[in-house]
Amino acid sequence: MSIKSTDIQLSIFSPNQSNPEQLEAIFVQREGLLNRCIENIEASAYTDGKHHQLMVGPRGAGKTHLVTLLVHRIEKNKKLLKHLKIAWLNEDETCVTFLDLLLSIFSALQRRYPLEYTEQDIADIYQQSPEQAQDFLASYLSDALRKNNDTLLIIVENLDALFESIGDKGQKQLRAYLQENPLFTLFATSQRLTDDLTHRHDPFFGFFQTEHLKALSEEEAASLVSKIAALSNKLDVARFLKTPTGKARIKALHHLSGGNHRMYMILSQFISRDSIDTLVPPFLKMVDELTPYYQERLRWLPPLQRKIVEHLATSKTTVSVKSIASRLFSTNQTISSQLKELKNKGYVKSHKRSRESLYELTEPLMRICVEVKENKNHQPIAMLVDFIRIWYDRDTIREKLNFIDEGMQEKDYLFSAKNSMKAINSGGGDANEKGKAYLDIAEIYCYQNLWEDFIKAFGLGLGLLEASSKTDGDYAALRIMVDYLYVNFSRGDIDHNKTSGLFDVLSKDKKALSAFGVDLLRHLGWQAKENKKKHNPILTQWVSAWKLAANGNSDFAITIRLLEVGLDYLQSHDESVFLELVESERVILKNAFGLE
Amino acid sequence: MKANPGGRLAIKDIIGRDKLVEDLWETLSRQSVYMTAERRIGKTHVMNIMCQQPPKGWLSIYQDLEKHHNATDFAISVYQEVQKYLSTKKRVSNQAKKLLLALGGAEVKGVLKLPEKADLPWKQIFEHTIADIVKEQAVEDCNIVFLWDEMPYMLANIATAEGEQVAIEVLDMLRSLRQTYKNFRVLMAGSVGLHHVIGRLKEQGYTNEPLNDMYQFDITTIGKKDAEYLSQQLLQGANLQASDIGAVASMIALQADNFPFYIHHIVREMESEKTQSAKNKVTAEDVERIVLRQLTNENDPWEFRHYETRIKDYYGDRALVVKIILDELALKKKSIGKRVIRKDKTTN
């Protein structure tokens with residue numbers, strides 16, 4: 001997969017195949033880190049001290065991007081190159097012994113310095129035993145470096161995989177070689193810190209300066225996407241990203257991608273002015289494209305681990321060992337050890353709740369892709385994406401709220417109603433305008449608690465919006481209605497029949513239903529803050545009323561789940577209740593309560 | 001000087017080990033030594049100083065032994081190292097080389113192509129090699145010391161690959177050589193305590209005391225002043241500014257318990273924070289905050305959990321009692337006697 005335009009080609013899965021200058025143009029967040037890494041390599045080349053550096057981050061965290069730029073910048077430093085050679089090992093080369101690793105280093109040197117390192121130099125080793133060949137190569141490399149007073153920068157991607165394949169014996173041989181020959185500086189990447197690197201009894205304990213690569217923040221993500229847009233000459237997109245809606249879109253993408261560099265690279269292709277209110281279709285397209293990639297990663301796993309991942313992907317909450325064991329007809333002990341391995345491989349993460357550990361998938365997108373594969377349809381994902389999109393887009397709808405904040409007067413409403421009636425009564429006109437006018441009228445009826453009139457105007461308004469191309473802004477009235485509905489509910493003016501009636505009207509328009517769900521949740525968060533997080537029994541009745549009204553409607557499932565966990569939190573003030581939700585939902589709820 | 005936790009330091013950047021190195025040489029003038037210390041304390045750096053800056057009358061050869069998995073590998077690697085020195089002198093007959101030629105090795109353009117390693121008489125090769133270098137050094141009235149790093153790893157490897165008996169033979173042979181040649185010394189060190197490996201061998205019926213002619217050195221952290229000096233040097237190397245750099249350096253030394261590895265780590269963290277923020281001055285509070293963050297980090301990046309898990313390894317069934325005693329000691333501000341602990345725990 002790559003981003004292509006007339007002059008650029010950025011490879012998303014293999015940044016080392018991209019033009020380094022273009023990678024420079026879209027580099028964000030890690031300028032300081034890269035400079036420090038290069039300073040350490042310079043210190044290694046110019047002095048007897050040797051630095052060994054390790055960058056740790058999950059797939060797509062930008063490790064290869066960083067390595068490519070590191071090499072690119074070193075290659076431009078002629079002074080440094082007088083003292084430094086570079087051996088950038090092939091990412092997928094298989095090394096099972098120390099000899100393999102030495103051969104791999106030699107091959108990398110030969111590719112880069114064909115005149116200095118020739119096949120002829122080592123031709124004899126193929127007539128020797130492996131031990132003799134290893135001794136020969138080890139001496140050959142160290143002698144060549146000593147002779148030229150060079151330090152060798154060895155770049156290893158996926159150090160965790162290399163260490164696993166060369167095993168304890170190979171690791172000890174490598175460490176001894178590095179200790180006896182202070183001529184090397186290692187720059188490595190790894191998806192995770194394995195026992196080989198962290199256990200005190202293993203050879204490479206404490207050997208590397210380790211840097212955990214951070215996920216992108218919203219601002220950094222916005223900067224990355226803007227840079228990609230600018231590089232692709234999509235200046236309108238670059239401008240759009242600075243608008244409130246563009247920023248809201250970045251927030252939504254941030255939520256879904258978990259701050260992963262690669263995901264932004266992919267998603268950046270779909271952000272455009274044309275897709276302001278339709279994030280779902282491009283997102284689902286991306287999910288379709290990524291699904292084979294995640295399926296392939298699942299195929300690498302042993303069957304039981306694969307089953308665990310699939311189970312976690314379809315679970316609506318974080319899951320305990322006991323629960324997984326019973327679902328998969330296995331023992332707690334077996335599942336526990338498999339989860340430990342999956343955690344080491346970076347597939348799952350755990351959270352402590354009192355004495356038990358609850359597990360979930362590390363990458364939100366993996367969860368989504370597996371769920372798509374399991375469900376064979378996009379409906380639940382579409383719902384989630386739409387919910388998240390509306391959640392963040394709601395931040396941009398300020399006008400109505402400001403109106404409320406300033407203190408609304410009857411006369412303002414009358415003025416508004418007069419204008420709305422004018423719009424409705426004018427012959428012809430835009431259906432959307434009329435729809436919005438009806439919703440405004442509905443809002444007034446809601447405020448006045450004239451229920452029959454409210455439902456009628458509301459239904460007409462949604463019907464007209466349904467018939468035209470609508471935007472999130474068209475549903476702004478819902479947010480205010482939720483406040484009025486709650487006030488009327490508190491007074492006992494709204495019963496179950498009324499909430500069910502309103503829900504029937506809402507459920508005819510999925511977008512309205514999502515927007516209403518978001519507004520209910522925001523209202524709960526606002527109530528929590530107003531009540532200083534104390535539990536209010538009316539809120540429990542309020543949530544129950546909507547659950548009853550929804551009557552198991554799957555389009556409202558996320559909303560009900562979030563509201564119920566939110567209530568639990570208000571009763572217990574224990575943040576561990578959020579673990580009843582998966583991460584993508586947990587973040588939203590914490591956000592509502594001002595905990596994120 | 002740049003912070004470099006875990007990496008190789010230039011000799012001039014190794015701080016606070018001068019007195020230790022002096023003591024080691026003084027002891028080596030009388031007997032061989034084995035060094036014990038926890039991991040990352042800086043044993044290898046001490047050996048690097050001794051290898052690169054031996055006093056007059058000494059030849060020192062450094063070898064990291066963890067790569068060897070059998071006694072023959074060990075013997076051949078010592079032979080190869082010794083040849084690097086003998087080849088420049090050529091004053092004594094090279095008995096080890098003659099032996100290897102007799103065993104099927106071939107000399108091509110002055111380089112000995114070794115015979116296949118399987119079934120080589122490793123003891124004989126070893127003894128001849130040591131005899132050759134000892135005699136060569138004796139000509140100039142010089143001593144030889146082998147600085148053997150990660151000796152316990154190698155012994156454990158040999159015991160696993162060739163059986164405990166071979167590991168025992170290696171230890172016995174080395175002891176015998178030390179007693180035979182008065183100008184031959186060994187300095188052994190390792191990340192795993194040598195006593196653990198010997199304990200394992202004793203379980204198999206080994207009754208000798210292979211180290212009883214050697215002096216044991218426990219390497220500890222560096223002194224307070226050295227730790228503060230190192231901290232200050234690293235702060236300057238990282239270009240970190242402070243209103244009172246001495247106070248920051250003192251706090252680093254204090255928080256790291258004068259452990260150079262952690263001093264390097266703390267400064268590196270401070271440097272990393274500097275690149276991520278616009279803040280250009282560091283304070284003693286920053287040091288405390290960084291250390292606390294590492295102590296409470298779920299991923300335990302400095303592996304402090306080891307100090308708890310090792311209790312089980314070391315004390316087995318008595319681990320719980322040990323933990324209770326340690327908890328009690330940790331809560332007291334002053335040192336206390338056994339009776340007080342016993343009384344406290346009985347009361348509770």
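**Exercise 1. Find which residues form a nonpolar patch on the surface of chain B, and place I325(B) in its helix.**

Solution. Keep in mind as you look that this is a predicted model.
- Step 1: V321(B), I325(B), L326(B) and L329(B) make up a nonpolar surface patch, and together they have about 310 Å² of accessible area.
- Step 2: Pick out I325(B), which sits in helix α14 (residues 319-331) of chain B.
- Step 3: The relative accessible area of I325(B) is 34%, so this residue is partly exposed.

**Exercise 2. Work out whether N157(B) is buried or exposed, and what its side chain reaches.**

Solution.
- Step 1: Go to helix α6 (residues 151-162) of chain B, where N157(B) is located.
- Step 2: N157(B) has 8% relative accessibility; buried means under 20%, so N157(B) is buried.
- Step 3: Follow the side chain of N157(B) to the backbone oxygen of E66(B), at 3.1 Å. A polar atom of that side chain also lies 3.2 Å from the backbone oxygen of H68(B).
- Step 4: Now look at the contacts of N157(B), leaving aside neighbours within four places in sequence: they are K172(A), E66(B), H68(B) and H69(B).

**Exercise 3. Trace helix α5 of chain A, and name what covers its buried residues.**

Solution.
- Step 1: Helix α5 (residues 98-112) of chain A has 15 residues. From first C-alpha to last, α5(A) reaches 21 Å, close to the 21 Å expected.
- Step 2: List the buried residues of α5(A), among them F98(A), L101(A), L102(A), I105(A) and L109(A).
- Step 3: Remember that an α-helix has 3.6 residues a turn, so residues three or four places apart point the same way.
- Step 4: The cover over the buried residues of α5(A) includes β4 (84-88), α6 (130-147), β5 (151-156) and α7 (159-180) of chain A.

**Exercise 4. Describe the salt bridges that K2(B) and D213(B) form.**

Solution.
- Step 1: K2(B) pairs with E271(B) in a salt bridge, with the closest N and O atoms 3.2 Å apart.
- Step 2: K2(B) belongs to the segment before α1 (18-28) of chain B and E271(B) to helix α11 (residues 260-276) of chain B, so this pair ties together parts 269 residues apart in sequence.
- Step 3: Both K2(B) and E271(B) are buried.
- Step 4: D213(B) and R178(B) also meet in a salt bridge through their side chains (2.7 Å, N to O).
- Step 5: D213(B) lies in the loop between α8 (194-203) and β7 (215-218) of chain B, while R178(B) is in helix α7 (residues 164-180) of chain B, so the pair joins parts 35 residues apart in sequence.
- Step 6: D213(B) and R178(B) are both buried.

How values were computed: Residues numbered from 1 in each chain as written. Chains lettered and ligands numbered in written order. Predicted model: local features only at pLDDT ≥ 70, side-chain atom pairs only at ≥ 80, totals over all residues. Heavy atoms only, no water. Helix = DSSP H or I, 4+ residues; strand = E, 2+ residues; numbered from the N terminus. Expected span 1.5 Å × (residues − 1). Buried < 20%, exposed > 50% of the residue type's maximum accessible area, 1.4 Å probe, protein only. Contact = heavy atoms within 4.5 Å. Polar contact = N/O pair within 3.5 Å; in protein donor to acceptor, adjacent residues only side chain to side chain. Patch = residues over 30% accessible without salt bridge, like charges linked within 9 Å, V, L, I, M, F, W, Y side chains within 5 Å. Areas by Shrake-Rupley, 256 points an atom, 1.4 Å probe, with all protein chains shown as cover. Salt bridge = Lys/Arg side-chain N within 4 Å of Asp/Glu carboxyl O.
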